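Please work through the exercises below with the sequence and the three-dimensional model at hand. Each task is followed by a solution in steps.

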Amino acid sequence: MPATRRPRKSLGQHFLRDRRIVHRIVDAADIQADDIIVEIGPGRGALTKSIVEVANSVILIEFDEDLVADLTERYADNPSVRVAHADARTLSTSDLPEIGDRPYKVIGNLPYYAAAPIVRNLLEQTHQPELLVVMLQREVAREMTAQPGKMGLLSVATHLYAEPRTVCQAPPRAFTPRPKVHSTVIKLNVRERPAVEFESVDLFFTLARAGFAAPRKTLAGSLAVGFSKKPTDFAGLIEEAGLDPRQRPATLSMDDWGALYARWHSAAASA
Ligand code: SAM
């Protein structure tokens with residue numbers, strides 16, 4: 001391995017140094033020998049080492065060309081490991097020949113600046129992973145795992161495709177260099193089908209974005225802001241979905257979003 005380079009702040013390079021957290025992540029992924037593991041942002045290989053000890057097929061997705069070169073050299077003699085230079089925000093897993101139509105799992109200590117877009121890209125793949133175990137900024141993890149009462153747009157976007165749970169916390173001292181923020185590891189068990197039956201995901205998000213356009217207002221008030229209409233335009237539709245126009249958007253469950261979407265879509269179709 002070449003001499004250690006300075007971590008690139010712009011690429012969110014905070015390398016994990018706490019072995020207990022490495023084990024928590026790897027244990028949460030429940031890796032079996034025949035699993036295909038996609039590791040996002042392997043960096044200097046803190047997680048990779050433990051993954052490679054168990055899995056026979058490991059694909060490393062790294063954006064930093066220098067780290068790609070280091071990892072390629074390190075694993076040159078290991079046919080189980082392939083290193084790919086790619087941006088995980090735009091990666092298509094259908095371009096990874098090892099996967100084909102086989103199940104795969106994703107593991108990653110994600111760069112803070114791109115964690116939400118990376119998770120979103122992976123959850124929106126045509127051939128989705130069966131699960132993700134990822135570390136991200138504590139506040140982002142909190143929103144992704146939030147339950148009805150505290151949900152925002154990112155919570156809905158996450159719960160639409162997966163059942164999320166918190167695995168463990170990681171303080172700044174678990175990394176080098178130390179970040180300014182705290183981190184959390186979460187596990188996302190991907191659903192067999194999305195939690196809401198929709199005609200297209202874009203249509204669903206048209207509604208969900210409007211639903212959170214003014215999250216402190218009532219649901220009717222927020223939809224009115226989002227669609228530039230009056231709250232009274234939405235009261236009937238919300239009641240027909242079995243909801244209360246005065247409830248806050250954060251209180252809706254995924255079943256509630258499904259009922260609201262169905263009413264909204266059929267009202268739009270018959271208008
Ligand atoms: N896995 C290592 C660890 O735990 O020590 C490194 C984690 S570090 C927080 C994030 C890693 O993601 C870095 O290696 C960084 O170069 C890489 N990275 C940054 N942006 C990326 C992107 N868009 N796609 C893939 N990897 C990225």
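The exercises treat the overall fold, the aromatic residues, the ligand site, two buried helix residues and the backbone.

The model is predicted: local features require pLDDT of at least 70, side-chain atom pairs count only at pLDDT 80 or more, and totals for chains, interfaces and linings use all residues. Residues are numbered from 1 along each chain as its sequence is written, and side-chain values use heavy atoms, with hydrogens and water left out.

**Exercise 1. Describe the protein chain as a whole.**

Step 1. Secondary structure is assigned from DSSP runs, numbered from the N terminus: helices are H or I runs of at least four residues, and strands are E runs of at least two. The protein chain has 10 helices and 9 strands.

Step 2. Along the principal axes, the C-alpha atoms fill a box of roughly 65 × 40 × 30 Å.

Step 3. Of the 271 residues, 49% count as buried; buried means under 20% relative accessible area, exposed over 50%, and partly exposed in between (1.4 Å probe, protein chains only).

Step 4. A contact requires heavy atoms within 4.5 Å. Among contacts between residues at least 6 apart in sequence, 65% join residues at least 24 apart.

**Exercise 2. Analyse the aromatic pairs, with attention to Phe-204 and Trp-257.**

Step 1. Rings of Phe, Tyr and Trp (its six-membered ring) pair if their centres lie within 6.5 Å; planes under 30 degrees apart are stacked, over 60 edge-to-face, and the rest tilted. A search of the whole structure yields 8 aromatic pairs.

Step 2. The ring centres of Phe-204 and Trp-257 are 6.4 Å apart and their planes stand at 85°, so this pair is edge-to-face.

Step 3. Because Phe-204 belongs to helix α7 (residues 201–211) and Trp-257 to helix α10 (residues 254–270), the pair ties together parts that are 53 residues apart in sequence. Both Phe-204 and Trp-257 are buried.

Step 4. Tyr-261 and Trp-264 make a tilted pair, with 6.0 Å from centre to centre and 50° between the planes. They are 3 residues apart in helix α10, so about one helical turn separates them. Tyr-261 is buried at 1% relative accessible area, and Trp-264 is buried at 13%.

Step 5. One aromatic cluster includes Phe-204, Phe-205, Trp-257, Tyr-261 and Trp-264 among its members. Arg-120 lies over the face of Phe-205, 5.6 Å from the ring centre; the criterion is NZ of Lys or CZ of Arg within 6 Å of the ring centre and within 35 degrees of the ring normal.

**Exercise 3. Which residues come nearest to the ligand, and how much of its accessible area does the protein cover?**

Step 1. A residue is near the ligand if one of its heavy atoms lies within 4 Å of it. Of the 24 residues around the ligand, Leu-16, Gly-41, Glu-62, Asn-109 and Tyr-113 come nearest.

Step 2. Polar contacts are pairs of N or O atoms within 3.5 Å; within protein, one must be able to donate a hydrogen and the other to accept it, and residues adjacent in sequence count only if both atoms are side-chain atoms. An N or O atom in the side chain of Asn-109 is 2.8 Å from a ligand oxygen, and one in the side chain of Gln-13 is 2.9 Å from a ligand oxygen. Gly-43 places a backbone N or O atom 3.4 Å from an oxygen atom of the ligand.

Step 3. The protein covers 99% of the 600 Å² of accessible area that the ligand has on its own. Such areas come from the Shrake-Rupley method with a 1.4 Å probe; for residues, only the protein chains shown count as cover.

**Exercise 4. Are Ala-208 and Thr-145 buried or exposed, and what do they touch?**

Step 1. Ala-208, in helix α7, is buried with a relative accessible area of 0%. Apart from neighbours within four places in sequence, Ala-208 is in contact with Leu-153 and Trp-257.

Step 2. Thr-145, in helix α5 (residues 138–145), is buried at 15% relative accessibility. Its side chain reaches the backbone oxygen of Ala-141 at 2.8 Å. Beyond residues up to four places away in sequence, Thr-145 touches several others, including His-159 and Ile-186.

**Exercise 5. Locate the cis peptide bond and characterise Ser-228.**

Step 1. The cis peptide bond joins Thr-176 and Pro-177, with omega about -10°. Pro-177 is in the loop between β8 (175–176) and β9 (183–190).

Step 2. Ser-228, although not a glycine, has a positive phi of about 50°. Ser-228 lies in the loop between α8 (219–227) and α9 (232–240) and is exposed at 68% relative accessibility.
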